[in-house]
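Hi everyone, thanks for making time this morning. I'd like to walk you through one model, so let me put the sequence and structure up on the screen.

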Amino acid sequence: MGTPDYYKMPSGTSHSNQRKSFPGHRSHFKPRFPIVFIICLSFLMFVSTPFFLLNRIASNLAVNSKSRIGLSFSNSGAVEPKNTVPFKMTNPEITPFERPRLVERKLLSKSQPEGDGAVVRRSIGRPELKNFDPFLLLDEFSVSPPAGFPDHPHRGFETVTYMLKGAFTHQDFAGHKGTIKAGDLQWMTAGRGIVHCEMPASKGAQNGLQLWVNLSSKDKLIEPAYQELEGKDIPKVEKDGVRAVVIAGEALGIKSPVYTRTPTMFLDFTLKPGAVLHQPVPEGWNAFAYVLEGEAIFGDLSSSAIGAHHTVQLSSGNGLSIWNKSNSPCRFVLIGGQPLNEPVVQYGPFVMNNKQEIIQAIEDYQRSRNGFERAVGWRSDPVGLSDAE
């Protein structure tokens, strides 16, 4: 800041020249201004001087601070805009996402009967949340022999079975048979038609998740297919108190090998007490979480924790933040998918785009045609039970 104008001499003059412009003897001095004006000017100078000095000091401090900041960033080799300081988010309490996903609503899943004596907690597929494009159903199931899901058909979508405890045996009318155990995955594309059974393979309660993923109209009548992975082959990663099992999609830099015709992410997370997770979710996808154990805060740190067996429907955005502020681990699955934006008409295990296609699917199944030819006379074999629980 420069010197105020009222402290400056007129151009070409000095204090000595000013003195010469007046006679040297006091008796010759004739003041040009009234004495009152001189007194007021002196008072103004007296009052203004401290503010001027403080302003000069503040300006010097600001200049010195800028030069120090500029020096530190120039030493780092970074090129920054003038008079700006780069910001790096290092506080885990703050979400790093430009458009964070928040909780739109939460729903508690209560136990209900399903299949032949099985018990499920239904997330997606209940009256309050009939479907959540592209998802048709998510069940957390608990099945003890002799209960189970005996021979039944499917058409027009995919079933994803992820075992949490125990084992399940699967058989279909094409001769495909196998047992998935705790930690294993089966991603079955029903396509144009399949008839199969899913039954407990060991004593005691068998627990797991089954997700139904809709297929687009162009894929509804493709040939059936399977993707099956043992638990040891499903990618896993642990970092900063967060453990991720990457069933489909990507988490913490690890990708799943599972191919999803309908673009889908399916992630199994466990957060230790005090852990924080910031998980990207593609913009435009629908996404939800289902809490298996413990409790966590989703989306906004100021919101309440959400506990086990709750479905957490999420708003739009490009990522989700989760905090575990409890004293126990929290386990949940985060599921997201690209909406198909197509009509959904469902009749039990058949999911098509219109009523006529549903009628056609029922007739094809009853008459064993158009994909159900091998259903004629087929019955699944009895499943032997192991002692493993």
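Let me start with a small puzzle: which side chain does arginine 126 meet in a salt bridge? Its partner is glutamate 128, with 3.0 Å from N to O. Before I go further, please keep in mind that this is a predicted model.

The two ends of that pair sit in unlike surroundings. Arginine 126 has a relative accessible area of 12%, so it falls under the 20% limit and counts as buried. Glutamate 128, at 41%, is partly exposed.

As a general reminder, side chains of opposite charge can pair when their charged atoms come close. Searching the whole structure turns up 15 salt bridges, and I'd like to show you a few others.

Take aspartate 139 and arginine 122, whose closest N and O atoms are 2.7 Å apart. The aspartate belongs to strand β4 and the arginine to strand β3, so this salt bridge ties together parts that are 17 residues apart in sequence. Both partners are buried: aspartate 139 has a relative accessible area of 6%, and arginine 122 has 13%.

Now, a pair with a longer reach along the chain. Lysine 177 and aspartate 381 form a salt bridge at 3.1 Å, N to O. Because lysine 177 is in strand β8 and aspartate 381 is in the segment after α3, the pair links parts that are 204 residues apart in sequence. Here lysine 177 is exposed at 52%, while aspartate 381 is partly exposed at 41%.

One last item on charges: Arg155, Glu363, Asp364 and Arg369 are linked in a network of salt bridges.

Let's go on to the empty space, where some of those names come back. The second largest pocket holds about 420 Å³ of space. Which residues come closest to its centre? They are Glu114, Arg122, Leu137, Asp139 and Trp212, out of 23 that line the pocket. So you'll recognise both partners of the β3 to β4 salt bridge there. The elements giving two or more residues to this lining are β3, β4, β5 and β11. If you like to think in terms of chemistry, the lining is made up of nine nonpolar, eight polar and six charged residues.

What about closed space? The search finds one cavity of 30 Å³ or more, and the largest cavity has about 40 Å³ of space. Its lining consists of Thr161, Phe168, Thr169, His170, Ile180, Gln186 and Glu198. Strand β7 supplies the largest share of that lining, three residues. By class, you get two nonpolar, four polar and one charged.

Next, the nonpolar side of things. The largest nonpolar core has 26 residues. Those with the most contacts inside the core are Phe269, Leu271, Leu277, Phe298, Ile322, Phe332 and Leu334. Several strands give two or more residues to this core, including β14, β19, β22 and β24, and the largest share, four residues, comes from β17.

I'd pick out phenylalanine 298 as a good place to zoom in. You'll find this residue in strand β20, buried at 1% relative accessible area. Its C-alpha atom is 4.7 Å from that of isoleucine 322, although the two are 24 residues apart along the chain.

How many disulfides does the structure hold? The count is zero. Among the cysteines, cysteine 197 is buried at 1% and cysteine 330 is buried at 0%.

Finally, some backbone details for those of you who like torsions. In general, most residues other than glycine have a negative phi, and most peptide bonds are trans. Against that background, the bond from aspartate 133 to proline 134 is cis, with omega near 10°; proline 134 lies in the loop between β3 and β4. Another cis bond joins proline 145 and proline 146, with omega about 10°, and proline 146 lies in the loop between β4 and β5.

As for phi, aspartate 240 has a positive value of about 50°. This aspartate is in the loop between β13 and β14 and is exposed at 64%. Asparagine 370 also has a positive phi, near 50°; it lies in the segment after α3 and is partly exposed at 35%.

That's my tour, and I'm happy to take questions.

Terms used:
Residues numbered from 1 in each chain as written. Predicted model: local features only at pLDDT ≥ 70, side-chain atom pairs only at ≥ 80, totals over all residues. Heavy atoms only, no water. 1 Å grid on protein atoms, 1.4 Å probe; cavity = no way out; pocket = protein on both sides within 12 Å on 5 of 7 lines; lining within 4 Å. Points joined across faces, edges and corners; volume = space filled by probe spheres on them. Nonpolar A, V, L, I, M, F, W, Y, C, P; charged D, E, K, R; others polar. Salt bridge = Lys/Arg side-chain N within 4 Å of Asp/Glu carboxyl O. Buried < 20%, exposed > 50% of the residue type's maximum accessible area, 1.4 Å probe, protein only. Disulfide = S-S within 2.5 Å. Core = buried A, V, L, I, M, F, W, Y, C linked by side-chain atoms within 4.5 Å.
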